[in-house]
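This report describes the architecture of a single protein chain. It proceeds from the helix at the centre of the account to the core, the neighbouring elements and the chain as a whole.

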Amino acid sequence: MPHDARLWEQDFGAQEGMFFRDLPDLGLLTNAELASVRPPEGESFADLCARTHPALADYAARSLAENSPVCLVVHAGVIRAALALALGDVAAGLAFEVAPFSMTRLRVLPTGGFSIICTNRGFA
């Protein structure tokens, strides 16, 4: 499968690979505040959404044009960004927990928008 750099996981910059105990405590932030937190040399969730949303729109247009589903294999942050796009609210994407190796399904609407079919569906 081809790799699309627009759909890479969020860049945590200087915090990548740090022990959890060494990360700053962001627990008291609202999702709207958290969406704008940018780690040093990294990107915020809002930045991730800005990077991924055009790619997701391109894949949606392809799905509509070909009248065919598109399967994307991506990390949890990109799934949250896709859910944020479907909901029309960047911060809302942070309300989702994304289980490892789970499937999220979105329906592309004729208008180019999305509806959420399911999240965290297992493959068993």
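## Helix α2 and its buried face

In this predicted model, the buried residues of α2 are F45, L48, C49, T52, H53, A55, L56, Y59, A60 and S63. An α-helix has 3.6 residues a turn, so residues three or four places apart point the same way. The buried set of α2 packs against two helices, α1 (31-35) and α3 (76-87), and against the strands β1 (103-108) and β2 (114-121).

Helix α2 covers residues 45-66, 22 residues in total. From first to last C-alpha it reaches 31 Å, close to the 32 Å expected at 1.5 Å a residue. The helix has a kink of about 30° at T52, shortly before the proline P54; T52 is also among the buried residues of α2. Just after the helix, N67 adopts a positive phi of about 50°.

## The largest nonpolar core

Which residues make up the largest nonpolar core? It consists of 12 residues: L7, A35, F45, L48, C49, A55, L56, Y59, V78, A81, A82 and A84. At least two residues of this core come from each of α2 and α3, and α2 gives the most, with 6 residues. In soluble globular proteins, nonpolar side chains tend to be buried together.

L56 is a member of this core and one of the buried residues of α2. With neighbours within four places in sequence set aside, L56 is in contact with L7, L72, A82, L85 and F114. Of these partners, L7 and A82 are themselves listed in the core.

## Helix α3

Helix α3 has 12 residues and reaches 16 Å between its first and last C-alpha, close to the 16 Å expected at 1.5 Å a residue. Its buried residues are G77, V78, I79, A81, A82, L83, A84 and A86. Among these, V78, A81, A82 and A84 belong to the largest nonpolar core.

The cover over the buried residues of α3 includes α2, β1 and β2. G88 follows α3 and has a positive phi, near 70°.

## Strand β2 and residue S115

S115 lies in strand β2. Is this residue buried, partly exposed or exposed? S115 has a relative accessible area of 27%, and is therefore partly exposed, since the buried class ends at 20% and the exposed class begins over 50%.

Apart from neighbours within four places in sequence, S115 is in contact with R105, L106, R107 and L109. Its C-alpha is separated by 22 Å from that of E9, a residue 106 positions away along the chain.

## The chain as a whole

The chain contains 3 helices and 2 strands, which run in the order α-α-α-β-β from the N terminus. Of the contacts with a separation of 6 or more, 58% are between residues 24 or more positions apart.

The radius of gyration is 15 Å, in agreement with the value near 14 Å for a compact globule of 124 residues. The C-alpha trace spans about 45 × 30 × 25 Å along its principal axes. Buried residues account for 29% of the 124 residues. The accessible surface of the chain is about 8200 Å², and carbon and sulfur atoms contribute 58% of that area.

Technical notes. Residues are numbered from 1 along each chain as its sequence is written. This is a predicted model: local features need pLDDT of at least 70, side-chain atom pairs count only at pLDDT 80 or more; totals for chains, interfaces and linings use all residues. Side-chain values use heavy atoms; hydrogens and water are left out. Helices (H or I, at least four residues) and strands (E, at least two) are DSSP runs, numbered from the N terminus. The expected span of a helix is 1.5 Å times one less than its number of residues. The bend at a residue is the angle between axes fitted to the seven residues ending there and the seven starting there. Buried means under 20% relative accessible area, exposed over 50%, partly exposed in between (1.4 Å probe, protein chains only). Contact means heavy atoms within 4.5 Å. A nonpolar core is a set of buried Ala, Val, Leu, Ile, Met, Phe, Trp, Tyr and Cys residues joined through side-chain atoms within 4.5 Å. The radius of gyration is taken over C-alpha atoms; the globule rule is 2.2 Å times the number of residues to the power 0.38. Accessible areas come from the Shrake-Rupley method with a 1.4 Å probe; for residues, only the protein chains shown count as cover.
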